[in-house]
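Biologist: Please take one part of this chain and go through it closely. I would like to know what it packs against and how it sits in the rest of the protein.

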Amino acid sequence: MTTIQKQGETVLEAQRTCLRRPPLYRVLLLNDDFTPMDFVVVVLQKYFAMDRGHATQIMLQVHKEGMGMCGVFTKDVASTKVEQVISYARQHQHPLACVMEENE
């Protein structure tokens with residue numbers, strides 16, 4: 001706020017501040033030759049709230065194109081999801097790779 005003095009009285013004048021949305025990040029699954037397709041579908045359902053049909057589509061994209069997008073999130077949420085997926089995959093002895101990159 002800005003203060004303006006007028007002959008013995010003070011008037012406050014509001015200033016506009018420009019707020020920018022936080023940058024968003026894409027979470028991607030990367031293809032490998034060892035993680036079973038069914039496991040990838042389970043990961044997509046469990047951590048990205050996808051129904052089986054959508055999860056299957058993304059899994060096939062990962063398989064055919066080498067990667068598939070799971071969703072777009074704020075940095076903290078994306079980072080947490082990447083950690084959860086990698087931890088879950090390692091617990092089940094799968095090398096599934098999950099990464100995040102800034103959404104342009």
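Modeller: What follows is a close look at helix H2, then at helix H3 and the chain around them.

This is a predicted model, in which local features need pLDDT of at least 70 and side-chain atom pairs count only at pLDDT 80 or more, while totals for chains, interfaces and linings use all residues. Residues are numbered from 1 along each chain as its sequence is written, and side-chain values use heavy atoms, with hydrogens and water left out.

The protein chain has three helices and five strands; helices (H or I, at least four residues) and strands (E, at least two) are DSSP runs, numbered from the N terminus. Read from the N terminus, the order of elements is β-β-β-α-α-β-α-β.

Helix H2 covers residues 52–65. Its 14 residues should span 20 Å at 1.5 Å a residue, and the end C-alpha atoms are 20 Å apart, which agrees. The expected span of a helix is 1.5 Å times one less than its number of residues. At the N-terminal end of H2, aspartate 51 acts as the cap, with a side-chain oxygen 3.1 Å from the backbone nitrogen of glycine 53. A polar contact is a pair of N or O atoms within 3.5 Å; within protein, one must be able to donate a hydrogen and the other to accept it, and residues adjacent in sequence count only if both atoms are side-chain atoms. After H2 comes glycine 66, with a positive phi near 95 degrees.

Four residues of H2 are buried, namely Ala55, Ile58, Met59 and Val62. They cover an arc of only 100 degrees around the axis, which puts them on the same side of H2; the arc is that of the directions from the helix axis to the C-beta atoms. An α-helix has 3.6 residues a turn, so residues three or four places apart point the same way. Buried means under 20% relative accessible area, exposed over 50%, and partly exposed in between (1.4 Å probe, protein chains only). The buried residues of H2 pack against strand S3 (24–30), helix H1 (37–48) and strand S4 (67–74), where contact means heavy atoms within 4.5 Å.

The other side of H2 has Gln57, Lys64 and Glu65 exposed. Glutamine 57 counts as exposed at 54% relative accessibility. Its C-alpha atom and that of glycine 68 are separated by 9.3 Å, the two residues being 11 apart along the chain.

Helix H3 (residues 75–91) can be read in a similar way. With 17 residues, H3 reaches 24 Å from its first C-alpha to its last, close to the 24 Å expected. The buried residues in H3 are Ala78, Lys81, Val82, Val85, Tyr88 and Ala89. They cover an arc of only 140 degrees around the axis, which puts them on the same side of H3. Asp76, Glu83 and Gln91 are exposed on the other side of H3. The cover over the buried residues of H3 includes S3, H1, S4 and strand S5 (97–102).

In the loop between H3 and S5 lies histidine 94, which is buried, with a relative accessible area of 17%. Leaving aside neighbours within four places in sequence, histidine 94 is in contact with Phe34, Thr35, Pro36, Phe39 and Ala89.

For the chain as a whole, buried residues make up 30% of the 104 residues. Along its principal axes the C-alpha trace spans about 80 × 25 × 20 Å.
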